[in-house]
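Subject: Structure handover

Hi,

Here is the structure I promised to pass on. Please open it and keep it in view while you read my notes.

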Amino acid sequence: MRDRLRGQPITLRITAGFLCAMALLFALTGAFIYERMHFALNRSIKDVPSANRAEIAAREQHRDEALHELLIQLAVAFSGTLLISGIVGHRVARAALGPVERMRRRASAESADASFRLPVPDTHDELSRLAVTLNDLFARVQAGVDRERRLIADASHELRTPLGQLLLRVDLALSRDRSREELRSALVDLHEDVGRLIPLANDLLLLARADDGQLPLRLEHVAVLDVASGSARRFEQAARSEGRTIALAIDGALAVQADRDRLAQALDNLIDNALHHGLGTVTVAAAKQPAAVAIEVRDEGPGFGDGFAEHAFDRFTTANPGRSGARAGLGLAIVAAIAAAHGGRATALEGSGGTVEIRLPAPAPSEDPLTRALDAHAAPA
């Protein structure tokens, strides 16, 4: 029986449950009324002297007729009440679940459109809150779908040119018989092209994982100066070849709880971006703030102009020709993704000098070596 009811519409199940409750209530009420009437009539019979047999017989006959009439009236009244209750209960259930049915029809009719929203009933109850919650969920899903579409479109656009160049080089190599030296030269060119594609593919994979919240992190206690020094050494030769320098302004005791490799990747991208787009000395600085550690990479160039700072972390975005190049425009987007994965954020600062700030949550006092040193110094011997 229970399995059969589960397959019925919810309005029918609500109505059936309501009728069962009403029938039980009516049965208990009728039994109570019948018992009280039976008790009252029997008491009136007991008040008659036992010698008056005719009066007793008349009253017993009256009792039986009254109880029989009471049963008939209760049955008619309860049947009519149950019928009316069933109709009213069904209508009330349909009216209460009407918004759900309208939401279902809307979702079924427009399921192919990711931008559709469910109608929100103006009732300010559980159903309206459910509709608002589902619409918020659909908005997040749509944002994710739009983000994936943009990523696929931008990646396709960025990969089209290098892949086309690869195909052109292969076609040229196969257009006629080539000597060993010519084939080797063609392979060297292809190796360079593939070498440029691999970092782009790795960057796209990292951003895809970050979008899904699956960017792997191995958190540890990291000295900011150590990571920044490693990044500076990696770009020292590139900076020297352009007559520029990389300076560090970081307290050696400053530390964060972060993934060393990811933090180094973010600083590498920022230093590379400053060398490629900026001018003068590239300075990597860090400072302890009340609830965060701020790491800045700045140069002495013109900075982010014409409102570009607002879009600096958009994917496949480059600035004006004065700060653009032949790059894919994923470096700052990766920096923002790494900062967000650590619970922080990245910001491009307006003004002279291209300055990008990474703000990471400060470690707990027990994890901060500077705080531990101060506590140890203040502790009694």
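Below are my notes on strands, helices, a few single residues and the salt bridges.

First, the ground rules. This is a predicted model, where local features need pLDDT of at least 70 and side-chain atom pairs count only at pLDDT 80 or more, while totals for chains, interfaces and linings use all residues. Residues are numbered from 1 along each chain as its sequence is written, and side-chain values use heavy atoms, with hydrogens and water left out.

**Strands**

Helices (H or I, at least four residues) and strands (E, at least two) are DSSP runs, numbered from the N terminus. Two strands pair if DSSP finds at least two bridges between them. Buried means under 20% relative accessible area, exposed means over 50%, and partly exposed is in between (1.4 Å probe, protein chains only).

Start with strand β5, residues 292-298. Five of its seven residues are buried, so β5 is largely enclosed by the rest of the structure. Strand β4, residues 282-288, pairs with β5 in the antiparallel sense, over six bridges. One bridge matches K288 with V293 in β5. A hairpin of three residues joins β4 to β5.

β5 also pairs with strand β7, residues 355-361. That pairing is antiparallel too, over seven bridges. Here I295 has I358 in β7 as its bridge partner.

Now back to β4. Five of its seven residues are buried, so β4 is also largely enclosed by the rest of the structure. Strand β2, residues 246-249, pairs with β4 in the parallel sense, over four bridges. Look for L248, which stands opposite V284 in β4.

**Around the ends of β5**

A291 sits in the loop between β4 and β5. A291 is exposed, at 61% relative accessibility. Its C-alpha atom is 6.2 Å from that of P361, although the two residues are 70 apart along the chain.

D299 lies in the loop between β5 and α9 (331-341). D299 is buried, with a relative accessible area of 5%. A polar contact is a pair of N or O atoms within 3.5 Å; within protein, one must be able to donate a hydrogen and the other to accept it, and residues adjacent in sequence count only if both atoms are side-chain atoms. A polar side-chain atom of D299 lies 2.7 Å from the backbone nitrogen of G301.

N273, in helix α8, is buried as well, with a relative accessible area of 16%. The C-alpha atoms of N273 and D299 are separated by 9.7 Å, with their positions 26 residues apart along the chain.

**Helices**

The expected span of a helix is 1.5 Å times one less than its number of residues. Does helix α8 come out longer or shorter than that, or does it agree? α8 has 18 residues (260-277) and should span 26 Å; its end C-alpha atoms are 26 Å apart, which agrees. Its buried residues include L263, L267 and L270. At the start of α8, a side-chain oxygen of D259 reaches to within 3.0 Å of the backbone nitrogen of D261.

Helix α2 (residues 10-46) has 37 residues and should span 54 Å. Its end C-alpha atoms are 54 Å apart, which agrees. Among its buried residues are M22, F26 and L41.

**Salt bridges**

A salt bridge is a side-chain nitrogen of Lys or Arg within 4 Å of a carboxyl oxygen of Asp or Glu. Side chains of opposite charge can pair when their charged atoms come close. How many salt bridges does the structure hold? There are 10. Here are three of them.

- E55 and R59 meet at 2.9 Å, N to O. Both lie in helix α3, four residues apart, about one turn of the helix. E55 is partly exposed at 30%, and R59 is partly exposed at 32%.
- R218 and D261 meet at 2.9 Å, N to O. This pair links distant parts of the chain: R218 is in the loop between α5 (180-211) and β1 (219-223), and D261 is in helix α8, 43 residues apart. R218 is exposed at 58%, whereas D261 is partly exposed at 46%.
- E357 and R359 meet at 3.0 Å, N to O. E357 is buried at 8%, whereas R359 is partly exposed at 21%.

Best wishes
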